[in-house]
Amino acid sequence: MTDAIADHDQMAEPSAEIVNTSATAHRLHPLSLVMKVISFVPQLLFGSIAAMVSIDDNMGRLFVGLALLVATCIFAVIAWLRWRKFTYEIAPNEVRIQSGIISKNNRSIPYERIQDVNIEQKLIARLLGLATVKLETGSAGNGDDGELNAVKLARAEELRDTIKARKRGVALPPEGQAVAQDDIAEPETEPLFTMSPKRLIILGMFSFSLAIFAFLLAVSQNLNFLIPDDWFSFSNFVDGLEADPDGSVDNVRGTFSGAESNLRRIGFVGQFIAVLAGLIGVIVVGLVTGIISVFVREYGFRLDRTENGFRRRRGLFTLTDVAMPLHRVQTAILVTGPIRRIFGWYALKFQSLASDGKNESDHVVAPLAIIDEASAIALEPGININMPVSAMHRVSRSLWLVGAIAALILTIFAASNAVFWSEIWGLSAIVLLSLPAALHFWLRWRHHHFSLSGEFLYIRSGYWSQRLTALPLRKIQSVDITDNFIQRPLGEVSLVFGIAGGSGIVPLTLHAIDRELAISMRSEMLAHIGAKKSAIAKH
Amino acid sequence: MTDSAATAAPNDDATLSSGQGATPPMPQFGQDNAPLQSSYNLGLTPLHTSYKMVLRIVNGLTFLPILAGFIVGDIILAAQDITGFGPLTAMGALLWLIAVLIIPGRQFRRWGYAMEDDRLRVLRGFLFRTDTIVPFNRVQHIDVSQGPIERINNVSRLIVHTAGTHNSVVVLPGLEPETASAMREEMREHIREEMI
């Protein structure tokens, strides 16, 4: 133990040049204050616009304006005080962060506990040349880790390299010193995977989204005080055409030499063309939305293999730079959609302890890749995702039969209670309602496969969006065998796996398998964990 | 590793341990240690009988608002001369008695646990049954806790934390405090061994 501390002291010397004062506290960059205030501007503008619109007398407006000004000043002062009281220190054994104006908080994060050092640049930060350094400790909550928001980009990279070097120094005996020095300037090697603009466009087309219409609807409902009352009424567009026989419409009529130009009289073909044009318009908007969102998220996607893991950079406005050590990869997940699998496109994700941003629980390492590229990336942490469906097993048919029968009973029950009950109606209702349900359950069963092969458990699931999960057996934390009152008489159970990271709501589950098979599979999988004891202990 | 497999499944035949090769293991396995049979806890260690009392008190308290609802409903109906006072209250009382007298016994006998050489096994649930195995070398940390109702009845609960998102806590209630501490010590011993 004392030796280890001595090592840190030796370490402190060379690193002192990297982060110039290794044992003193630093403040964040002063421009981060500007950033905070800028981030407050949209709310301020919104508030003032709302106030101006809703209040009619000038005294009231003046008063509200003053109040907003005072609020801004208070906010700025608080931000300044926070900035003044926030210090961080790269100590020999830990990162120390002090914060708090009234109640002081003193956090120390030992280097051994720091899993990842991520750098993120939001748009405003990029314009100011700043970056946020995020220290991930692998604690379950997202907000509990250290965050330096923000420092100069060069400083952020320096900090990341220093922290990583220190971390290495803790893990390694004396020669760690040399390693650390080498590690500081990681040479840029060939990336493992990149997304070319062409691929981004392809991915964008698969990410077809009509979210923009929902957004426009929401805007029109919330900001309708800005829009004339009858803006959305159909007559506003159609009657406008009709009521203006001498205007532009007349020119059209002239061009088409007497053809009926009124929308009402353009006939069936015209209406058909109008509907078709509308549909095409919607599709184009959907495609463009998809492409834009993909470009914003994935632009400049680059995955590198670093000494101990992966490094992923992406983003158009918000740049993120995420590090992921190999040993934190828990499972590899290969995902594909209904259309993209026809073209052989897949996305590869790694399930890791940390979540990838706010929305995704898994780390995307290849947003759109062919199978060879994906399996090459998965092989880096030693996961073989090449598992053809033909080599896998189906689960019990009860997985769909139970659901289908339940749907049938439910619809018969519902139909027999319907007011309009007649034989034809009832029968067609039963067929129309229970058939799709049965089809859904059948497809779900047909696409649920598993295989226990070597060091991995493979589970395929989903028919619309299909996923293949490759779970290294040594990453299993716990195994449940569950059944319910329907499965029990059938002699069937489900296996539910506890794995670090990923979704807590939908754990990895192998549905509807024979009870004896489940028991024997579990003993074999757990035996594997026993064999790998020492390897895991390091993690 | 064959040791650990054997301890988990005493009747394991050789086909199991040889299943590491390329061929995926498929159905035909012997009828070895079937858990989740209709017998209540498959011969695993039952919880301490005092836990039945804990379940009675907990159920009694949980069903109290429901009983109160029945009584209030009865009063309202009686006040409007729809029915006389009595039937709803009687129904509520019957339900409450079932929850306190009959259900705890059933809940209790579905629980079972086993401390094996390298793993903890916990069996629980009535309509939805779960049979969980946590290998000791996957345990992150362990709590032994005791609530007020448990303290009166002198039982503790063992809470095992794993790194898994699913099953991040595995709770085993109704242990004698000495048993719970002994189990904790044993698991802790294993964790320390793994770390070295």
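The following conversation goes through some helix packings and one buried residue in a predicted model of two chains, A and B.

Colleague: Before the details, how many helices and strands are there in chain A and in chain B?

Modeller: Chain A comes to 17 helices and 21 strands, while chain B has 6 helices and 6 strands, which follow one another along the sequence as α-α-α-α-β-β-β-β-α-β-β-α.

Colleague: What makes α3(B) roughly antiparallel to α4(B)?

Modeller: The axes of α3(B), residues 50-79, and α4(B), residues 87-109, cross at roughly 165 degrees and come within 8 Å. Because angles over 145 degrees count as roughly antiparallel, α3(B) is described as roughly antiparallel to α4(B). The crossing of these two helices is right-handed, and the residues of their contact divide into 20 nonpolar, 7 polar and 3 charged.

Colleague: Why is Asn59(B) called buried?

Modeller: The relative accessibility of Asn59(B) is 8%, and since buried means under 20%, Asn59(B) counts as buried. This residue lies in helix α3 of chain B, and, leaving aside residues up to four places away in sequence, Asn59(B) touches Ala99(B), Ile103(B), Pro104(B) and Gln107(B).

Colleague: How far is Asn59(B) from Gly86(B), in sequence and in space?

Modeller: Asn59(B) and Gly86(B) are 27 residues apart in sequence, and their C-alpha atoms are 23 Å apart in space.

Colleague: Turning to chain A, what makes α2(A) roughly antiparallel to α3(A)?

Modeller: Helix α2(A), residues 31-54, packs against helix α3(A), residues 58-85, at an angle of about 160 degrees, with the axes 10 Å apart. That angle is to be set against the cut-off of 145 degrees, over which a pair counts as roughly antiparallel, and therefore α2(A) is roughly antiparallel to α3(A). The crossing of α2(A) with α3(A) is right-handed.

Colleague: Which residues of α2(A) and α3(A) meet?

Modeller: From α2(A) they include Leu33(A), Val37(A), Phe40(A) and Leu44(A), and from α3(A) they include Leu68(A), Phe75(A), Trp80(A) and Trp83(A). By class, the contact of α2(A) with α3(A) divides into 12 nonpolar, 4 polar and 2 charged residues.

Colleague: Why is α7(A) called oblique to α11(A)?

Modeller: Helix α7(A), residues 197-206, and helix α11(A), residues 267-298, have axes that come within 7 Å and cross at roughly 130 degrees. Roughly perpendicular covers 65 to 115 degrees and roughly antiparallel begins over 145, so an angle of roughly 130 degrees falls into neither class, and α7(A) is therefore oblique to α11(A). The crossing of α7(A) and α11(A) is right-handed; among the residues making the contact are Leu200(A) and Ile201(A) of α7(A), together with Ile291(A) and Phe295(A) of α11(A). The contact of α7(A) with α11(A) has 9 nonpolar, 2 polar and 1 charged residues.

Colleague: What proportion of the residues in each chain counts as buried?

Modeller: In chain A, buried residues make up 42% of the 539 residues, and in chain B, 40% of the 196 residues count as buried. The accessible surface is about 28,700 Å² for chain A, with carbon and sulfur atoms supplying 64% of it, and about 10,200 Å² for chain B, of which 63% belongs to carbon and sulfur atoms.

How values were computed:
Residues numbered from 1 in each chain as written. Chains lettered and ligands numbered in written order. Predicted model: local features only at pLDDT ≥ 70, side-chain atom pairs only at ≥ 80, totals over all residues. Heavy atoms only, no water. Axes fitted to C-alpha atoms, helices over the stretch in contact; angles between N-to-C directions. Helix = DSSP H or I, 4+ residues; strand = E, 2+ residues; numbered from the N terminus. Parallel < 35°, antiparallel > 145°, perpendicular 65-115°, else oblique. Left-handed = near helix turned anticlockwise from the far one by under 90°. Nonpolar A, V, L, I, M, F, W, Y, C, P; charged D, E, K, R; others polar. Buried < 20%, exposed > 50% of the residue type's maximum accessible area, 1.4 Å probe, protein only. Areas by Shrake-Rupley, 256 points an atom, 1.4 Å probe, with all protein chains shown as cover. Contact = heavy atoms within 4.5 Å.
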